[in-house]
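Here are a few exercises on how strands and helices pack in one structure. Have the coordinates open and try each task before reading on.

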Amino acid sequence: MNIHRLLTGLLAAALMPFAAHAQEVVLKVAHQLPPTSLAQTMFIEPWCARIEAESGGRMKCQIFPAMTLGGTPPQLVNHVRDGVADVVWTLPGYTPGRFPFSEVFELPFFTTSAQASSRALWDFVQEHAGSEFTGVRPLATWVNGPNVLHLRDKQVNRLDELKGMKVRAPSRLGNKLLAALGATPVGMPVPQMAESLSKGVIEAALVPWEVVPATKTQELTRYHAEVSGEHAMLVATMVYLMNQKKYDSLPADLKKVIDNNSGREFSAWVAGQFLKADVIGREATVANKNTIYTIAPDEAGRWEKATRPVVDEWVRDVSAAGNDGKKLYDAAAALVAKYSKD
């Protein structure tokens with residue numbers, strides 16, 4: 001009997017390292033930009049460091065930048081849903097029609113500060129847009145800083161000067177905004193933008209300052225127009241998503257680590273990191289001796305008025321699909337107002 005107990009104890013002790021090893025988790029984290037991008041260095045890498053530290057080293061990341069898992073940026077949502085990646089950072093705007101409700105945050109002149117609007121977006125997704133995320137688990141949902149009009153060869157100050165200009169747009173609603181302003185929108189993911197600017201395929205691009213260093217936009221453009229006002233002319237929604245089955249497979253303590261590093265306040269933190277990255281991107285442009293200027297408030301008001309039909313069309317389209325577009329718009333606007341007051 002004593003020998004049996006001894007052998008059982010020895011066997012259990014021998015198996016303990018294997019049991020511990022079996023609980024180690026390596027998360028494949030994928031995104032579209034280079035490893036030197038501010039998004040990776042200021043957001044993804046710190047998140048990975050936090051989950052590794054809080055899990056006692058039992059959960060780690062393997063980061064796959066620049067689409068090194070294959071495919072194109074619009075396929076990142078499928079990659080995380082299908083388990084090609086465990087976690088992805090992507091832009092819903094790359095897959096038009098797939099996120100019809102949360103798209104409301106990409107309407108012209110809709111959002112205020114990035115952090116307040118990101119808190120609002122998180123609540124909106126939880127309350128109204130959960131069906132858009134079947135098979136995946138949102139870890140963060142946020143909006144980036146205001147998109148800036150980066151111009152290749154000429155400065156634009158007035159609405160009529162945009163007429164016919166070929167401008168890169170970040171999303172379906174970005175296309176509609178540019179069309180409403182009289183420009184010719186050209187939709188494309190950020191990685192394609194630099195080549196298109198260098199070859200003159202596009203004359204300008206709507207992107208936040210954050211992407212400037214990774215894409216060398218400051219070297220490909222000369223003028224940069226910021227639009228004044230309490231509301232951003234245009235932002236892009238962004239999401240950090242985890243494969244739901246991967247999350248479900250984690251033991252309870254590792255799920256708690258993920259939960260502690262996701263949610264409303266984490267979304268606001270990510271938005272804050274992107275704002276810090278905006279400062280770095282703007283400084284790189286100043287260092288390149290480019291011209292940065294602001295569209296005057298009265299003129300910005302003209303731009304906002306010109307884009308109002310985009311808002312009305314969104315409400316009609318969502319309603320035509322069997323939903324209450326006005327109710328969804330009002331709910332999102334109320335959340336933005338709520339968090340903007342805090």
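**Exercise 1.** Find the residue of E2 that stands opposite Val29.

*Solution.* In this predicted model, go to Val29 and look across to E2: the residue opposite is Ile63. Now widen the view to the strands themselves. E1 covers residues 25–30 and pairs with E2 in the parallel sense, over six bridges.

**Exercise 2.** Work out the strand order of the open sheet, and say which strands stand at the edges.

*Solution.* Start by tracing the five strands across: the order is E2-E1-E3-E10-E4, and the pairing is mixed. Next, check the ends. E2 (59–64) and E4 (136–143) each have a single partner strand, so one side of each lacks a neighbour in the sheet. Last, look at the twist: on average, neighbouring strands are turned by 20° against each other, ignoring direction.

**Exercise 3.** Which strands does H2 touch, and which does H10 touch?

*Solution.* Take H2 (residues 38–54) to begin with: this helix packs on the sheet and touches E1, E2, E3 (87–90), E4 and E10 (237–243). Its direction makes about 155° with that of E2. Then turn to H10 (residues 252–260), which packs on the sheet with contacts to E1, E2, E4 and E10. For H10, the angle to the direction of E2 is about 55°.

**Exercise 4.** Describe how H4 packs against H11.

*Solution.* Geometry comes first: H4 (residues 114–128) and H11 (residues 264–287) pack at about 145°, with axes 8 Å apart. The crossing is right-handed. Then pick out the contact residues, among them Trp122 of H4 and Leu275 of H11. Sorted by class, the contact has five nonpolar, four polar and four charged residues.

Definitions and conventions: Residues are numbered from 1 along each chain as its sequence is written. This is a predicted model: local features need pLDDT of at least 70, side-chain atom pairs count only at pLDDT 80 or more; totals for chains, interfaces and linings use all residues. Side-chain values use heavy atoms; hydrogens and water are left out. Axes are lines fitted to C-alpha atoms, for helices over the stretch in contact, and angles run from 0 to 180 degrees between N-to-C directions. Helices (H or I, at least four residues) and strands (E, at least two) are DSSP runs, numbered from the N terminus. A crossing is left-handed if the near helix is turned anticlockwise from the far one by less than a right angle, and right-handed if clockwise. Contact means heavy atoms within 4.5 Å. Ala, Val, Leu, Ile, Met, Phe, Trp, Tyr, Cys and Pro count as nonpolar, Asp, Glu, Lys and Arg as charged, and the others, Gly among them, as polar. Two strands pair if DSSP finds at least two bridges between them.
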